[in-house]
Amino acid sequence: MLLVTVVVNRLAMALITLAGVAVVVFVLLRVVPGDPISMMISPGASPSDILALKAHYGLDAPLLTQFWIWVKGVVTGDFGTSITLHLYVTEVLASRLPATLELAVLALVVAVGFGGCVAIAGTLMRRTAGETAIDGLNSIMLAVPDFIWALALVLLFAVALPILPLTGRIDPDLAQGFHSRFYLIESILTGRFAVAGNIIQHMAMRRWRSRCRSPP
């Protein structure tokens, strides 16, 4: 019963947190300067065209009504249409989810493997100069923000030593013959290890670039 209570409490807190984040993000997107309609319509549009487009997307309704429309859409799986790509958000998510999942799993495997090796090494070298060196290196790694490390790695491996690709998910000449969007998993299962290595190189750089864009 204790485990069930803990799980229920965690789920309840997660739902409350998601609801709070949804409200804050929704309100912020409505109060910040800028109009999404101006990004979707041509510069020479008439005021009636603008009003019609606002009515089509429900942007002429009160804020609470807009929020209720958005909540109903999320519950039913309708996340709306991307303003910039003019595609359904579900289509955009579906096209990019495989790459995100592969990157997250690979990052977790590398972090667990590397961190476990360092922890074991520190344990084996307890009360030696090796342990002091590991603790010092760990302190330096923690003291410097992640986005600084990411920027330094991007500059080192993509600019100073151009051994990693700066953009993309895979070299264009290798992006052939895939039957799914899980490029890394499919290339490993089909024995195309050279292609898998190329994908991992792109994934490493993509991970560092993402950290560069998200400083604390």
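This passage describes the two largest pockets of a predicted model, with attention to the residues and helices that line them.

The largest pocket holds about 1,100 Å³ of space, and its lining is made up of 27 residues, among which Arg30, Leu59, Trp70, Thr81 and Ile83 lie nearest the centre. Two or more residues of this lining are given by each of helix 1 (2-31), helix 2 (36-40), helix 3 (47-57) and helix 4 (63-75). Of the elements around the largest pocket, helix 1 provides the largest share of the lining, with five residues. When the residues lining the largest pocket are sorted by class, 16 are nonpolar, seven are polar and four are charged.

The second largest pocket has a volume of about 920 Å³, and 23 residues line this second pocket, those closest to its centre being Val110, Phe114, Met141, Leu153 and Trp208. At least two residues of the lining of the second largest pocket come from each of four helices, namely helix 5 (89-124), helix 6 (129-143), helix 7 (146-160) and helix 9 (193-212). Helix 5 makes the greatest contribution here, supplying eight residues to the lining of the second largest pocket. The class composition of this lining is 18 nonpolar, two polar and three charged residues.

Taken by their main contributors, the largest pocket is thus associated with helix 1, and the second largest pocket with helix 5.

How values were computed. Residues are numbered from 1 along each chain as its sequence is written. This is a predicted model: local features need pLDDT of at least 70, side-chain atom pairs count only at pLDDT 80 or more; totals for chains, interfaces and linings use all residues. Side-chain values use heavy atoms; hydrogens and water are left out. On a 1 Å grid over the protein atoms alone, a cavity is a set of points where a 1.4 Å probe fits but cannot get out, and a pocket is an open set with protein on both sides within 12 Å along at least five of seven lines; lining residues have an atom within 4 Å of a point. Grid points are joined across faces, edges and corners, and a volume is the space filled by probe spheres set on the points. Ala, Val, Leu, Ile, Met, Phe, Trp, Tyr, Cys and Pro count as nonpolar, Asp, Glu, Lys and Arg as charged, and the others, Gly among them, as polar.
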